[in-house]
Amino acid sequence: MQRRTLIQSSLAASALMLGAGLASTSALAQSSWPTGKSITYLVPFPPGGNTDTLARVIAQPLGKALGTPMIIENKGGAGGSVGSALAARAAPDGYTILGGTISSHAINISLYSKLDYDPVKSFTPVAMLGSGPLVLVVPASSPYKTLADVMAGSKAKASSGGLTSASPGSGTSNHMALELLAYQTGVKFTHVPYKGSGPAVQDVIGGQVDMMFDTALVVGPHIQAGKLRPIAVTSSKRLESLPDVPTIAEAGEKGFDMGSWQAVFAPAGTPKPVVDRLHAEIMKIVATPEVQTRLKAFGMQPSTMTPAELAEFQKAEVAKWAQVIQAAGIKAD
């Protein structure tokens with residue numbers, strides 16, 4: 001009996017030493033990250049858009065801070081779903097990060113019948129870069145000058161589907177802003193999808209479409225040129241660049257609050273020390289005057305969310321847009 005006890009004690013001690021050794025090896029691997037191996041920053045949209053531009057603003061100083069090369073890889077398609085699925089399948093070792101958005105990480109799960117990733121379960125939140133409202137605009141020649149005018153005008157045309165509203169495509173945040181307004185007010189609108197903001201804006205300016213929601217970056221120059229009239233912004237606070245334009249909530253639709261956000265995610269299972277280091281370095285970059293200026297030029301408010309706060313925010317966004325999409329009966333496929 002005594003010999004058996006000694007053997008069991010010896011085995012237990014060996015197991016503890018082995019466990020401690022593995023933990024030590026794991027900790028060593030994490031503490032030495034990155035090893036000089038390049039980090040891929042996946043952008044699930046084509047070059048030139050907000051997500052791609054922000055990735056290029058963040059990547060260079062992030063690579064410098066980490067002492068390792070950063071490679072930006074654009075994998076567009078299906079509203080950000082193609083690139084997001086690739087990131088979800090990447091090794092959770094800190095060498096792949098993803099530019100996630102309201103579309104890819106909150107809307108698509110309800111919009112598409114099948115996704116090759118789960119926006120919550122397949123990723124670890126790293127950092128919220130910022131969020132910005134969309135601006136509801138009408139042609140400068142439009143008779144509508146306030147949100148009340150727009151709502152009354154759409155009600156008057158309810159039999160023909162209400163006022164028309166352009167967007168850069170079905171399922172985009174621009175489209176969802178329209179659906180949220182319809183969902184919260186019960187007023188009908190007709191969505192007119194385009195292949196990008198450029199042609200959509202031109203048809204609104206020309207009066208072929210009654211209105212549209214888009215970022216200040218897109219519609220701002222046309223507002224300044226007197227070609228578009230701003231009606232309201234979708235956030236709970238006014239835009240610094242358009243201080244005289246009320247929020248939709250201020251204009252009468254209380255509780256309306258919607259921002260188009262940009263964040264960074266890593267594959268699920270990425271070690272916490274790696275996530276914490278990425279978060280800390282990205283937040284330092286976001287806090288610099290140069291990046292703050294760039295974000296505000298996009299009409300975005302820089303964020304200070306922690307990874308845990310981003311996780312809770314994202315879950316709330318998924319639930320919110322699921323309700324809107326179900327009520328509108330929208331499907332992208």
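Buried means under 20% relative accessible area and exposed means over 50%, with partly exposed in between. I'm jotting that down before anything else, and also that this is a predicted model.

**Entry 1: Ala-78**

I put the cut-offs to use on Ala-78. Its relative accessibility comes out at 36%, so I filed Ala-78 as partly exposed. I found Ala-78 in the loop that runs between strand S2 (70-74) and helix H3 (81-89). What caught my eye was the backbone: Ala-78 is not a glycine, yet its phi is positive, at about 55 degrees. Most residues other than glycine have a negative phi.

**Entry 2: a cis bond**

Next I went through the peptide bonds. The one from Trp-33 to Pro-34 is cis, and I noted omega near -10 degrees. Most peptide bonds are trans, as a general reminder to myself. Where does Pro-34 sit? I traced Pro-34 to the loop between helix H1 (2-31) and strand S1 (39-43).

**Entry 3: the whole chain**

I stepped back for an overview. I have 11 helices and 11 strands in the protein. Along the principal axes, the C-alpha atoms fill a box of roughly 95 × 45 × 30 Å. Of the 333 residues, 49% are buried. I also looked up the contacts with a separation of 6 or more: residues 24 or more positions apart account for 78% of them.

**Entry 4: the nonpolar cores**

Nonpolar side chains tend to be buried together in soluble globular proteins. Here I looked for cores, and the largest nonpolar one has 45 residues. Val-150, Phe-189, Met-211, Phe-213, Met-258 and Trp-321 have the most contacts inside it. Helix H6 (residues 173-185) gives the most to this core, with 6 residues.

I then picked Val-150 for a closer look. Skipping neighbours within four places in sequence, I listed Val-138, Tyr-144, Leu-163, Phe-189, Met-211 and Ile-231 as its contacts. A second core, separate from that one, has 31 residues, among them Ile-39, Val-43, Val-286 and Met-300.

**Entry 5: H4 against H11**

Two packed helices are described by the angle between their axes and the distance between the axes. For helix H4 (residues 102-111) and helix H11 (residues 307-328), I wrote down an angle of about 40 degrees and axes 8 Å apart. That angle makes H4 oblique to H11. The crossing of H4 and H11 is right-handed.

Which residues make the contact? From H4 I noted Ile-102, His-105, Ala-106, Ile-107, Ile-109, Ser-110 and Leu-111. H11 brings in Gln-314, Glu-317, Val-318, Trp-321, Ala-322 and Ile-325. I sorted the contact residues of H4 with H11 into 9 nonpolar, 3 polar and 1 charged. Trp-321 has turned up before, as one of the residues with the most contacts inside the largest nonpolar core.

**Entry 6: Lys-320**

I stayed on H11 for Lys-320, which is found in that helix. Buried or partly exposed? With a relative accessible area of 22%, Lys-320 is partly exposed, since buried means under 20%. Not counting residues up to four places away in sequence, Lys-320 touches Leu-180, Asp-257 and Met-258. I also checked Lys-320 against Pro-243: they are 77 residues apart along the chain, and 28 Å separates their C-alpha atoms.

**Entry 7: Gly-198**

Last stop was Gly-198, in helix H7 (residues 197-205). Gly-198 has a relative accessible area of 45%, so I put it down as partly exposed. Gly-198 and Val-218 are 20 residues apart along the chain, and I got 8.2 Å between their C-alpha atoms.

Notes
Residues are numbered from 1 along each chain as its sequence is written. This is a predicted model: local features need pLDDT of at least 70, side-chain atom pairs count only at pLDDT 80 or more; totals for chains, interfaces and linings use all residues. Side-chain values use heavy atoms; hydrogens and water are left out. Axes are lines fitted to C-alpha atoms, for helices over the stretch in contact, and angles run from 0 to 180 degrees between N-to-C directions. Helices (H or I, at least four residues) and strands (E, at least two) are DSSP runs, numbered from the N terminus. Angles under 35 degrees count as roughly parallel, over 145 as roughly antiparallel, 65 to 115 as roughly perpendicular and the rest as oblique. A crossing is left-handed if the near helix is turned anticlockwise from the far one by less than a right angle, and right-handed if clockwise. Contact means heavy atoms within 4.5 Å. Ala, Val, Leu, Ile, Met, Phe, Trp, Tyr, Cys and Pro count as nonpolar, Asp, Glu, Lys and Arg as charged, and the others, Gly among them, as polar. A nonpolar core is a set of buried Ala, Val, Leu, Ile, Met, Phe, Trp, Tyr and Cys residues joined through side-chain atoms within 4.5 Å. Buried means under 20% relative accessible area, exposed over 50%, partly exposed in between (1.4 Å probe, protein chains only).
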